[in-house]
Amino acid sequence: MTEPSDLDDLTECVLDCVAEIPPGRVSTYGRVAAEARARCGRGGPRNVGQVLSRHGDEVPWWRVVSASGATALHKDSRQLTLLAAEGTPMRGEARVDLRVALHDFVIGLGEPDA
DNA sequence: GTTATGACTATGG
DNA sequence: GCCATAGCCATAA
C-alpha cells in the first residue's frame, strides 16, 4: 500500500498515470483520462488538466500534451523547454511528435485493484 | 439543485 | 492544417 489516501481516487489515478510516463516520452490528456477512467471509472480529459493544476507539482505534468501534439497551455514555453531537455522528439518549434513521443498506455492493465 | 468554469477531445467545414 | 461547434466530467459558488 503505499497509498497516501490524501487525495481522491481520481486524483491518484491521474497522477499515477502521468508519473508512469517515462522521460523523453509524452502522453495526451485523453489517453491519461482514459487510463484513469479505466482504473477508477471516472474522469474525463478536462479532469486531467484540473488535477494537474491542483497537484501537478507532484508529477511530470510537462509530459502531458494535447491530442494535437501541441503543448497545451499557459506555460507552453516552459513545457517545451522541459520536453526538449528530456530529449523529446519535437516537430517544428511548439509541437511534439506524437508518432514517436506518445507513450503507449495499457488500458486496464495498470492497476485494477492492486 | 442549478449555473458557471476549466491545463480537453472529437467532428465538421 | 486551422477554426467553429458540440459533448463530457468533476469541482466550486
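**Notebook: two helices and a DNA strand**

I began with the helices of this predicted model: helix α1 (residues 9-20) packs against helix α3 (residues 45-55) at an angle of about 85°, and their axes are 10 Å apart. Angles of 65 to 115 degrees count as roughly perpendicular, so that is how α1 and α3 lie to each other.

Next I looked up who meets whom. From α1 come L10, T11, V14, L15 and V18, and from α3 come N47, V48, V51, L52 and H55. I sorted the residues of this contact by class and found seven nonpolar, three polar and no charged.

Then I turned to DNA strand B. Which residues come nearest to the strand? Out of 13 around DNA strand B, they are Y29, R46, W61, A67 and L73.

I also checked individual atom pairs. Q50 has a polar side-chain atom 3.3 Å from a base nitrogen of DNA strand B. For S53, a polar backbone atom is 3.4 Å from a base nitrogen of the strand. A67 places a backbone N or O atom 2.7 Å from a phosphate oxygen of DNA strand B. Two elements, α2 (29-40) and α3, give two or more residues to the surface near the strand.

Which element gives the largest share of that surface? My friend from the first entry, α3, does, with six residues.

I noted the classes here too: the surface near DNA strand B has six nonpolar, six polar and one charged residues.

Last, I looked at the DNA side. Among atoms of DNA strand B within 4 Å of the protein, 35% belong to sugar or phosphate, and the rest belong to bases.

How values were computed:
Residues numbered from 1 in each chain as written. Chains lettered and ligands numbered in written order. Predicted model: local features only at pLDDT ≥ 70, side-chain atom pairs only at ≥ 80, totals over all residues. Heavy atoms only, no water. Axes fitted to C-alpha atoms, helices over the stretch in contact; angles between N-to-C directions. Helix = DSSP H or I, 4+ residues; strand = E, 2+ residues; numbered from the N terminus. Parallel < 35°, antiparallel > 145°, perpendicular 65-115°, else oblique. Contact = heavy atoms within 4.5 Å. Nonpolar A, V, L, I, M, F, W, Y, C, P; charged D, E, K, R; others polar. Near = heavy atom within 4 Å. Polar contact = N/O pair within 3.5 Å; in protein donor to acceptor, adjacent residues only side chain to side chain.
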